[in-house]
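Please open the model in a viewer and keep the selection panel at hand. The tour proceeds by selections, each followed by a description of what is found there.

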Amino acid sequence: MNTKKATLVGLIAILLWSLIVALIKDVSSHFGAVGGAALIYTLASIFLFFSVGWTRLKSFPKSYLIWGSLLFVAYEICLSLSIGYSQTNRQAIEVGMVNYLWPIFTMVAAILFNQQKANFLIIPGFVVSVLGICWVLGGDQGFDLIGMTANIQQNPLSYGLAFMGTLLWAGYCTLTARIANGVNGITLFFILVSIVLWIKYFMMGGSGFNFDWSSSISLVFAAAAMGFGYAAWNVGILHGNVTLLAGASYFIPVLSAFFAAILLNTPLGLSFWYGALMVCVGSILCWLATKTKS
């Protein structure tokens, strides 16, 4: 595959990932937070098995097999359940925005633990991103600490899981760069996520599911966006224009909110978009900080 086609495939991954928040929320409304997530990751695992393929366990560095599995599984569970446990569509979108703090935490972790060089832009980038999230969580009033606190207190579980997920993903990305040795464990990791979710589902006394056309279509689209998104990103990163893809990925928060607002039929005020844009700008500043020597 040539560079242009591979880059296009990578851009498709960004589009698919931008749909995930809305699709997970929709599936959870049909099957519940845990049951819906278990179904999504099970079907996504099948998609990945036939698209990315299977990596033999003995090909994994032992440390990556252990720590990569733990961090990836923990992150995906935090992501899916934070959205699934959201009480309203607006809350699901806000939780999704909190999750998109992971780029700045990943860069900070790379600087602290991987000796990644960065210049002064890392500081305003971090501050702008965090202020953007505060702006989003403040509601229609924009930056409002009292309003933000009251908003979080309505559902601390969802917001807490989303924030924990950002730290876990930053840890996974930082660790993978050091110990994976080029091994792609995505199929195995997705299977592990689905197993953990099924265990949780049945421990909660989960019963059968009632499938209909609407819920089935939502499930297939959610699993395809999740599974094929990772598969497409892998192609783009390996064979495409990595710089272009990295830059484009920082617009996922705005794209995700845009598609979620449409698919979940949830109007978002101007203050929300200001906050979402600030998250993007902050992430881009952090990225630029690592591209220029101090």
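In this tour, contact means heavy atoms within 4.5 Å. The model is a predicted one.

**Gln 91 and helix H5**

Select Gln 91, which is found in helix H5, residues 89-99. Which residues does Gln 91 touch, not counting residues up to four places away in sequence? They are Ser 86, Gln 154, Asn 155 and Tyr 159. Gln 91 counts as buried because its relative accessibility is 3%, and buried means under 20% relative accessible area.

**Helices H5 and H7**

Keep H5 displayed and add helix H7, residues 122-137. Two packed helices are described by the angle between their axes and the distance between the axes. For H5 and H7, the angle is about 175 degrees and the axes lie 10 Å apart. H5 is therefore roughly antiparallel to H7, as angles over 145 degrees count as roughly antiparallel. To display the contact, select Arg 90, Glu 94, Met 97 and Val 98 in H5 together with Ile 133, Val 136 and Leu 137 in H7. The residues of this contact divide into 5 nonpolar, no polar and 2 charged.

**Helices H2 and H4**

Next, select helix H2 (residues 20-31) and helix H4 (residues 62-84). Their axes come within 8 Å and cross at roughly 65 degrees. The crossing of H2 and H4 is right-handed. On the H2 side, the contact is made by Val 21, Ile 24, Lys 25 and Ser 28, and on the H4 side by Ser 80, Ile 83 and Gly 84. By class, the residues of the contact of H2 with H4 divide into 3 nonpolar, 3 polar and 1 charged.

**Helices H3 and H4**

Leave H4 in view and replace H2 with helix H3, residues 33-51. At what angle do H3 and H4 pack? The angle is about 135 degrees, and the axes are 9 Å apart. This makes H3 oblique to H4. The crossing of H3 and H4 is right-handed. From H3, the contact draws on Ala 33, Val 34, Ala 37 and Tyr 41, while H4 contributes Glu 76, Leu 79, Ser 80, Leu 81 and Gly 84. The residues of the contact of H3 with H4 divide into 6 nonpolar, 2 polar and 1 charged.

**Phe 50 in helix H3**

Remain on H3 and select Phe 50, whose place is in this helix. Is Phe 50 buried or exposed? Phe 50 is exposed, with a relative accessible area of 69%; the cut-off for exposed is over 50%. Add Thr 187 and display the C-alpha atoms: Phe 50 and Thr 187 are 137 residues apart along the chain, and their C-alpha atoms are separated by 9.5 Å.

**Ser 194 in helix H10**

Move to Ser 194, found in helix H10, residues 186-203. Ser 194 counts as buried, at 6% relative accessibility. Not counting residues up to four places away in sequence, Ser 194 touches Ala 38, Tyr 41, Thr 42 and Ser 45. Ser 194 and Ser 45 are 149 residues apart in sequence, yet 8.0 Å apart in space, C-alpha to C-alpha.

**The largest nonpolar core**

Now select Phe 72, Phe 190 and Tyr 230, which touch the most other members among the 90 residues in the largest nonpolar core. Begin with Phe 72: leaving aside neighbours within four places in sequence, Phe 72 is in contact with Trp 169, Tyr 172, Ile 186, Phe 189, Phe 190, Val 193 and Tyr 230.

Continue with Tyr 230, whose place is in helix H11, residues 213-239. Tyr 230 counts as buried, at 14% relative accessibility. With neighbours within four places in sequence left aside, its contacts are Trp 17, Leu 48, Phe 72, Tyr 75, Glu 76, Trp 169, Ile 186 and Phe 190. For Leu 48, 182 residues away from Tyr 230 along the chain, the C-alpha separation is 8.2 Å.

**Asn 265 in a loop**

The last selection is Asn 265, found in the loop between helix H13 (252-263) and helix H14 (270-291). What is phi of Asn 265 near? Phi is near 55 degrees, a positive value in a residue other than glycine. Asn 265 is exposed, with a relative accessible area of 68%.

Technical notes
Residues numbered from 1 in each chain as written. Predicted model: local features only at pLDDT ≥ 70, side-chain atom pairs only at ≥ 80, totals over all residues. Heavy atoms only, no water. Helix = DSSP H or I, 4+ residues; strand = E, 2+ residues; numbered from the N terminus. Buried < 20%, exposed > 50% of the residue type's maximum accessible area, 1.4 Å probe, protein only. Axes fitted to C-alpha atoms, helices over the stretch in contact; angles between N-to-C directions. Left-handed = near helix turned anticlockwise from the far one by under 90°. Nonpolar A, V, L, I, M, F, W, Y, C, P; charged D, E, K, R; others polar. Parallel < 35°, antiparallel > 145°, perpendicular 65-115°, else oblique. Core = buried A, V, L, I, M, F, W, Y, C linked by side-chain atoms within 4.5 Å.
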